[in-house]
Amino acid sequence: MLDASDSYVTEDGRTIGAVVMEMKNITLRFGGVVAIKDISFDIREGEIRAIIGPNGAGKSSMLNVISGFYNPQEGQVFYKGKQRPQMRPYQVARQGIARTFQNIALFEGMTVLDNIMTGRLHHTKANIWQQAFWKGKAEAEEVANREVVEKIIDFLEIQSIRKTPVGRLPYGLKKRVELARALAAEPSILLLDEPMAGMNVEEKEDMSRFILDVNDEFGTTIALIEHDMGVVMDLSDRVVVMDYGQKIGDGTPDEVRNNQAVIDAYLGVAHD
Amino acid sequence: MFYREAGDFKTSYREDNQTFPIKFDRYRYYSVMFAAFAVVPFLINDYWVNAIFLPFLIYSIAAIGLNILTGYCGQVSLGTGGFMAVGAYGCYKLMTAFPEVSILIHVILAGGVTGMVCVLFGLPSLRIKGFYLAVATLAAQFFLVWLFNRVPWFYNYSASGQINAPERTIFGIAVTGPNTQAWATYLFCLVIVTVCALVARNLTRGMQGRQWMAIRDMDIAAEIIGVNPLKAKISAFAVSGFFVGIAGALLFAVYLGAAEAGDSFGITKSFLVLFMIIIGGLGSIFGSFAGAAFLVLLPVFLKNVLVGWLGWPTDMAAHLEFIIVGALIVIFLIAEPHGLAQLWRVAKEKLRLWPFPH
């Protein structure tokens with residue numbers, strides 16, 4: 001068993017570091033409905049951590065707790081070794097946690113470039129006066145941000161749609177732009193809520209490749225929710241399985257695959 | 001043919017970021033600026049300035065202000081008339097209290113005061129959206145007009161309840177009061193419009209503008225990538241109020257010369273400016289100018305046609321004018337709901353390929 005500060009090397013040669021985020025005994029209720037019940041798990045630096053489970057298991061709620069949308073009634077969130085106080089989502093974003101949404105949440109009226117540039121918000125220090133006269137920090141930062149954004153645009157192969165309004169793009173590309181916007185923030189943890197929902201096989205392959213490349217090249221820690229089991233088992237280092245708001249399994253893909261509770265949850269149990 | 005990007009290569013992000021990235025656009029802009037500053041002042045007379053240029057320039061500033069709030073940040077406001085009144089009365093109080101200070105500083109300060117008042121009435125926007133916010137700003141409109149009519153301190157206890165702009169000069173040339181020259185008032189407004197438009201353009205193309213647009217397009221997603229909704233909305237109200245206040249101050253001091261809150265800054269002003277940005281194009285600086293031009297020029301144009309060419313009686317022409325302007329607005333909104341700015345964009349896209357269809 002590993003300690004929180006231990007690191008190890010995976011079979012494919014990536015180094016997985018210490019625990020960067022730890023959820024301790026999280027319970028989330030909506031009135032009488034218990035969405036998440038006493039769940040604990042951790043995310044290690046540099047790993048791809050998947051959260052899976054049947055519909056309504058509480059996966060998205062869990063992601064919303066991490067990104068600050070919901071505040072759990074019980075339990076604590078530890079981030080980089082410190083307990084995180086109750087925060088608004090924009091404060092969580094400022095700490096270096098970026099996310100994408102299950103149903104795309106892009107800014108439809110803006111171009112692809114502007115959407116991705118918005119992700120650079122926290123790397124912009126120019127105040128409103130400097131921006132009003134386009135002097136001082138404002139212009140220099142705009143150019144510096146643009147350079148970072150262009151690298152991400154190259155990386156995700158969306159050069160040709162740079163100046164297209166997002167509303168005109170097809171679904172698969174929108175998903176990619178949303179990933180680009182999250183990446184532009186240079187997050188330490190990237191949360192992906194069903195990045196492959198509604199995609200065909202080729203689009204899924206592309207997206208899988210991007211996720212692996214992001215993890216490999218930028219060393220970004222990734223937590224993702226996904227329904228496609230093949231993808232999850234191939235991509236992730238460790239998997240949390242949820243069902244009816246409870247954690248029923250946690251471990252490497254192989255361990256999870258052979259866990260009887262997980263099999264029961266997915267395939268159902270015979271009634272005696 | 002002449003309007004194209006091909007061959008117009010950008011070698012730095014700075015070049016790509018400029019307001020008019022296409023060379024032809026840039027020269028068109030320079031020539032318009034040259035004409036506005038160096039040619040028009042020598043040609044115009046009182047009629048042109050009072051009927052067309054001053055209202056166009058002043059309403060352009062108001063439209064830019066409202067466009068920042070409504071078009072860029074998505075917060076509907078029906079309080080523009082009231083906020084213009086704040087600018088006008090603020091400017092009047094400053095002009096009469098500190099007669100030795102330059103009028104330019106008074107106008108800018110009036111904008112600042114309006115910005116603060118606008119923020120105050122914008123605070124409900126943190127909890128309410130859409131129609132409900134529109135009604136809340138409507139309350140601002142009625143409250144402010146009531147305030148300026150009922151509290152004599154605002155109109156310096158004058159018997160008529162009106163405010164009158166005293167004569168003020170810049171470089172020794174009168175820009176307010178009864179003895180102004182047409183070209184002087186025109187240039188004074190033009191300089192302020194130019195600076196306002198540049199500032200608005202810089203704010204909307206940079207990170208501040210992206211924050212506003214993010215709030216407009218999807219506030220939840222905006223918050224998740226780190227936009228502080230409180231700061232973004234409040235800053236939009238402040239900047240918008242600043243421009244609207246400047247427009248109100250100029251309307252009173254330079255254009256009208258005398259004003260009374262209910263008559264000059266009533267609810268019709270709010271709707272007029274709102275129509276301007278809807279017809280011109282929401283979320284576009286060019287659209288603010290286009291909308292202001294449309295609604296200022298159309299009545300003048302119709303009047304000239306009906307009375308001047310067709311020889312109809314003035315009162316009938318005035319009534320027909322209302323009907324025609326209203327009908328045109330409706331037809332226009334059905335044909336091009338995204339406004340004149342969208343027509344302009346489509347025209348430019350077509351021009352890029354012309355004379356080829358694809």
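**Close-up views of chains A and B**

**View 1. Where chain A meets chain B.** In this predicted model, 32 residues of chain A touch 26 residues of chain B. On the chain A side, helix 2 (89-94), strand 8 (97-100), helix 3 (112-118), helix 4 (128-133) and helix 5 (137-155) each chip in at least two residues. Helix 5 of chain A gives the largest share, five residues. Sort the chain A side by class and you get 17 nonpolar, seven polar and eight charged residues.

**View 2. The annotated stretch of chain A.** An unreviewed UniProt entry lists residues 21-269 of chain A as "domain: ABC transporter". Follow that span from one end to the other, and its end C-alpha atoms turn out to sit 34 Å apart. Helix makes up 39% of the span and strand 24%.

**View 3. How confident the prediction is along chain A.** The mean pLDDT of chain A is 89, with 99% of its residues at 70 or more. Among the elements of chain A, strand 10 (residues 221-225) has the highest mean, 94. At the other end of the ranking is strand 1 (residues 8-9), whose mean of 82 is the lowest.

**View 4. A look at Ile278(B).** This residue belongs to helix 12 (residues 267-280) of chain B. Ile278(B) counts as buried because 21 other C-beta atoms lie within 10 Å, and the cut-off for buried is 20 or more. Also in this view is Ile329(B): it is 51 residues away from Ile278(B) in sequence, while the C-alpha to C-alpha distance between the two is 9.7 Å.

Key. Residues are numbered from 1 along each chain as its sequence is written. Chains are lettered from A and ligands numbered from 1 in the order in which they are written. This is a predicted model: local features need pLDDT of at least 70, side-chain atom pairs count only at pLDDT 80 or more; totals for chains, interfaces and linings use all residues. Two residues are in contact if their C-beta atoms, placed from the backbone, lie within 7 Å. Helices (H or I, at least four residues) and strands (E, at least two) are DSSP runs, numbered from the N terminus. Ala, Val, Leu, Ile, Met, Phe, Trp, Tyr, Cys and Pro count as nonpolar, Asp, Glu, Lys and Arg as charged, and the others, Gly among them, as polar. UniProt positions are given in the numbering used here, feature names are shortened, and annotations may be inferred rather than shown by experiment. pLDDT is the predictor's confidence in each residue, from 0 to 100. A residue is buried if 20 or more other C-beta atoms lie within 10 Å of its own, exposed if 12 or fewer, and partly exposed in between; C-beta atoms are placed from the backbone.
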